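Walk through this structure one region at a time, starting with how burial is judged.

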Amino acid sequence: MATTSRSSLKRYYDVNGWLFVAPAIALISLFMLYPIVRSLILSLYSGRGMMLKFSGTGNLVRLWNDPVFWQALQNTIIFFIVQVPIMITMALILAAMLNNPKLRYSGLFRTMIFLPCVSSLVAYSILFKSMFSLDGVVNNTLLAIGVIGEPIGWLTDPFWAKVLIIIAITWRWTGYNMIFYLAALQNIDRSIYEAAKIDGVPSWGRFAFLTIPMLKPVILFTTITSTIGTLQLFDEVYNFTEGTGGPANSTLTLSLYIYNLTFRFMPSFGYAATVSYVIVLMVAVLSFLQFYAARERR
């Protein structure tokens with residue numbers, strides 16, 4: 001009798017459990033799994049607009065011979081290699097500074113640093129374009145203090161356009177990563193530092209050999225999320241260049257190229273889907289390598 005009751009109760013909870021998660025599974029299937037499968041199928045077709053025909057690996061051949069794709073891939077990799085380490089390092093340094101109990105107005109500084117990541121994207125794009133224009137405040141300030149002899153074409157020079165994008169992304173998202181580091185630092189037992197200090201470990205040694213190892217999970221998380229965000233970089237480039245990825249495709253990223261292939265030019269849905277799987281592959285490989293590297297250091 002007791003066994004029968006337990007079996008009935010187990011079936012009751014199993015059924016109700018599935019009913020509870022069914023809406024979430026349905027939404028995930030509709031808005032995540034279906035687009036993934038559909039885009040994979042679409043990548044096997046080529047053509048313009050809705051006039052599609054099966055091409056098999058034809059889009060891969062086109063990808064290999066497409067100079068614009070290689071330019072976009074190169075730009076995306078440059079942004080990843082340069083921007084992610086800068087942002088992660090700055091976030092960690094700022095968090096360590098704000099974690100100092102002797103620092104006054106730390107709450108104000110924390111809010112000021114975090115504020116850009118919750119600001120309006122359009123507003124901050126307009127602000128940056130105004131600040132970094134030929135007669136903007138940045139050029140005028142650098143000219144006034146003698147750092148440069150003539151205004152820098154932040155939006156017209158290929159090199160400086162990349163620099164501007166990196167500055168904008170770092171300014172916007174450093175505070176987001178800083179919050180994670182600050183929360184982790186505040187959860188570290190202060191007695192560990194006190195014991196190390198009594199043993200004569202200098203401040204840099206406590207940071208390098210105590211703080212950094214205890215922050216490994218947070219460093220891994222912020223590195224992966226920053227990597228994914230940078231490889232999918234779209235908003236800043238689109239707003240700064242009005243979707244062109246200029247000058248001369250110097251800031252064109254893979255995400256913006258996919259957008260242009262789908263909406264800006266004559267739609268090429270199959271080829272755009274193929275390019276999108278390059279981003280998926282890069283994210284998967286880099287995330288695996290980061291997880292593997294973090295595991296090996298334990």
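A residue is called buried when its relative accessible area is under 20%, exposed when that area is over 50%, and partly exposed in between. The model discussed here is predicted, and the cut-offs apply to its computed coordinates.

S46 is a convenient place to apply the definition. This residue sits in strand β1, which covers residues 45-48. Its relative accessible area is 19%, so S46 counts as buried, given that the limit is under 20%. Setting aside residues up to four places away in sequence, S46 touches M51, L52, K53, S55 and N59.

Confidence comes next. The protein chain has an average pLDDT of 85, and 93% of the residues score at least 70. Among the elements of the chain, helix α1 (residues 2-42) has the lowest mean pLDDT, 72, whereas helix α3 (residues 67-98) has the highest, 93. Where pLDDT is low, predicted coordinates should not be read in detail.

An unreviewed UniProt entry places the feature "transmembrane region" at residues 12-37, 77-96, 108-127, 159-183, 204-224 and 269-293. Two of these spans can be compared with the model. Residues 77-96 are 100% helix and 0% strand, and the C-alpha atoms at the ends of the span lie 29 Å apart. Residues 204-224 are 95% helix and 0% strand, with 26 Å between the end C-alpha atoms.

The record's span 269-293 leads to helix α13, which runs over residues 269-296 and contains V275. V275 has a relative accessibility of 0% and therefore counts as buried. Beyond neighbours within four places in sequence, V275 is in contact with L63, F69, L254, Y257, I258 and L261. The C-alpha atom of V275 is also separated by 8.6 Å from that of S43, although the two residues are 232 residues apart along the chain.

Several of those contacts belong to helix α12, residues 254-264, which is mostly covered: eight of its eleven residues are buried. The buried residues of α12 are L254, S255, L256, Y257, I258, N260, L261 and T262. Among them, L254, Y257, I258 and L261 are in contact with V275.

The backbone has a few points to check. Most residues other than glycine have a negative phi, and most peptide bonds are trans. The peptide bond from G246 to P247, however, is cis, with omega near 0°. P247 belongs to the loop between α11 (235-241) and α12. N249 is found in the loop between α11 and α12 as well, and its phi is near 60°, a positive value in a residue other than glycine. With a relative accessible area of 27%, N249 is partly exposed. Y105, in the loop between α3 and α4 (106-114), also has a positive phi, near 60°. Is Y105 buried or exposed? Its relative accessible area is 55%, so Y105 is exposed.

Last comes the largest pocket, with a volume of about 430 Å³. Its lining consists of 13 residues, and N99, R190, Y193, R206 and T211 lie nearest the centre. Helices α8 (190-198) and α9 (203-214) each supply at least two residues of this lining. By residue class, the lining divides into five nonpolar, four polar and four charged residues.

Technical notes:
Residues numbered from 1 in each chain as written. Predicted model: local features only at pLDDT ≥ 70, side-chain atom pairs only at ≥ 80, totals over all residues. Heavy atoms only, no water. 1 Å grid on protein atoms, 1.4 Å probe; cavity = no way out; pocket = protein on both sides within 12 Å on 5 of 7 lines; lining within 4 Å. Points joined across faces, edges and corners; volume = space filled by probe spheres on them. Helix = DSSP H or I, 4+ residues; strand = E, 2+ residues; numbered from the N terminus. Nonpolar A, V, L, I, M, F, W, Y, C, P; charged D, E, K, R; others polar. Buried < 20%, exposed > 50% of the residue type's maximum accessible area, 1.4 Å probe, protein only. Contact = heavy atoms within 4.5 Å. pLDDT = per-residue confidence, 0-100. UniProt positions renumbered as here; feature names shortened; annotations may be inferred.
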